[in-house]
Amino acid sequence: MPRYSFHIENGFAEDHALELANDSAAIDEGLKAASGMLRDLNLGRVGTQSQSFEIRVNGGEQVLRIEIHATRSR
């Protein structure tokens with residue numbers, strides 16, 4: 001099975017590696033992680049938050065990249 005590296009950047013960097021069957025399985029896991037990142041957004045006051053999430057196969061080729069930019073204006 002291919003090894004996928006998951007890199008999360010949301011104020012601090014976090015890396016995980018998983019062995020998954022294929023790119024589709026990695027993308028499914030990535031979308032679940034991204035939805036969790038959306039739930040964890042904290043916009044209690046005016047400001048902007050940015051987060052990114054990237055999946056690479058075998059440490060090289062990018063499979064998926066998600067960028068979240070949220071702004072509370074009032």
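Strands S3 and S4 form a hairpin with 4 residues between them. In the turn, Asn58 has a positive phi of about 50°. A strand here is a DSSP run of E with at least two residues, a helix is a run of H or I with at least four, and both are numbered from the N terminus. The model is predicted, and local features need pLDDT of at least 70, side-chain atom pairs count only at pLDDT 80 or more, while totals for chains, interfaces and linings use all residues. Residues are numbered from 1 along each chain as its sequence is written, and side-chain values use heavy atoms, with hydrogens and water left out.

The two arms of the hairpin run antiparallel, and 10 bridges join S3 to S4 (residues 62-72). Two strands count as paired if DSSP finds at least two bridges between them. Along this pairing, Gly47 stands opposite Arg72, Thr48 has Thr71 as its bridge partner, and Ser52 stands opposite Glu67. Strand S3 (residues 47-57) is also joined to strand S1 (residues 3-9), by 6 bridges, and these two strands run antiparallel as well. There, Phe6 of the pairing stands opposite Ile55 in S3.

How are the strands ordered in the sheet? The 4 strands form an open sheet in the order S2-S1-S3-S4, with antiparallel pairing. Strand S2 (13-19) and S4 stand at the edges with a single partner strand each, so one side of each is left without a neighbour in the sheet. From one strand to the next, the twist averages 10°. Helix H1 (residues 23-39) packs on the sheet and touches S1, S3 and S4; contact means heavy atoms within 4.5 Å. The direction of H1 makes about 15° with that of S4. Such angles run from 0 to 180 degrees between N-to-C directions, with axes fitted as lines to C-alpha atoms, for helices over the stretch in contact.

In chain order, the elements run β-β-α-β-β from the N terminus on, which gives 1 helix and 4 strands.

One residue of the sheet can be followed more closely. Ser52 lies in strand S3. Is Ser52 buried or exposed? Ser52 is buried, with a relative accessible area of 12%. Buried means under 20% relative accessible area, exposed means over 50%, and partly exposed lies in between, for a 1.4 Å probe and protein chains only. Not counting residues up to four places away in sequence, Ser52 touches His7, Ile8, Glu9, Met37, Arg65, Ile66 and Glu67.

For the chain as a whole, 26% of the 74 residues count as buried. Among contacts between residues at least 6 apart in sequence, 42% join residues at least 24 apart. The C-alpha atoms fill a box of roughly 45 × 20 × 15 Å, taken along the principal axes.
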